[in-house]
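User: I'm new to this one. Could you walk me through it with a few questions and answers?

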Amino acid sequence: MTSASSTAQRHRNPFKRLSALAYQTFSKPRANIILLISLFILGYLSHYHPFLSFDANDLYEHNNFPNECAADLVPSPQVRQTILDRVFNGSSPWVGFPPPNIAPLLWQEWTKGWGSNAPVFEHLIRQVRPRIIIEVGTFLGASATHMAGLTRSLGLESTIICIDDFRGWPGYYDEGKSLGMVNGESLLLYQFMQNVVKANATDSILYLPFSTGTALGGLCNWGVYGDLVEVDAAHDFHSTWMDINNAYKVLRKPGGVLFGHDYVWVGVRKAVHSFARRHGFRVTIHGEHWILY
């Protein structure tokens, strides 16, 4: 009995000593002040620091792109007129182009692009035989005019919708060719239009001169869906993540194919694979392009 009692007493003694030490420490005024300051700092960090405040709701909001698009899908033959009515007051933007004050400032043809004639375009157009193609990120229209030529050669009556704000990016300058500005406004849109006219593709190509999110949101609200949707705009993770998710909302399902360019960029790769894991797609690489199946 004595041995067992002594053993129990030894096990309890450390806890008594710790309790006494804690009481002596935090019963002092200075210790109370330190404790209050520590609690304030922890509270501040937990509120403002993303790693301490990150929870399931934050993750849900980050990944939540509601899919409530228009219930009534616009038939393919009516897509062109729908865009003309919604964006251009019912008239074609190609009528009267180029404006007299702009014509002298444009190159007769300048279709600069990156991977714009890659084999992936013919591969997918032959595979999908799209009636509606949506291109997110157009620049000067090199890939759009290339796709217009491909669809024409295959006997397809396709409408190609080009999405771009046509302002380029800060500091862009091409040493070989460049564009001036009119009152600070870039001439990229007019040069894109000139390239489409030169390619004799005005009957198949239309454009939405807005940010990617705004334009894709418009297509979603109107019920315009693409059989083939290409994402080729910004290269950082967050912009690409937004573009892929918004583009997926206007992809015809089933049967449509979502693909894009610039797989060599780290931000693009991360966004593509994150999206594929979340939605159960297989990523196929085709040169510098990626395809989701």
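Here is a short tour of the salt bridges and the cavity.

Analyst: This is a predicted model, where local features need pLDDT of at least 70 and side-chain atom pairs count only at pLDDT 80 or more, while totals for chains, interfaces and linings use all residues. Residues are numbered from 1 along each chain as its sequence is written, and side-chain values use heavy atoms, with hydrogens and water left out.

User: Which residue forms a salt bridge with arginine 126?

Analyst: A salt bridge here is a side-chain nitrogen of Lys or Arg within 4 Å of a carboxyl oxygen of Asp or Glu. For arginine 126 the closest N and O atoms are 2.9 Å apart. Both partners lie in helix α6 (residues 119–128; helices are DSSP runs of H or I, at least four residues, and strands runs of E, at least two, numbered from the N terminus). The partner is glutamate 122.

User: Is aspartate 227 buried or exposed?

Analyst: Buried means under 20% relative accessible area, exposed over 50%, and partly exposed in between (1.4 Å probe, protein chains only). Aspartate 227 has a relative accessible area of 8%, so aspartate 227 is buried.

User: How far apart are the closest N and O atoms of aspartate 227 and arginine 252?

Analyst: These two residues form a salt bridge. The pair links distant parts of the chain, 25 residues apart. Their closest N and O atoms are apart by 2.3 Å.
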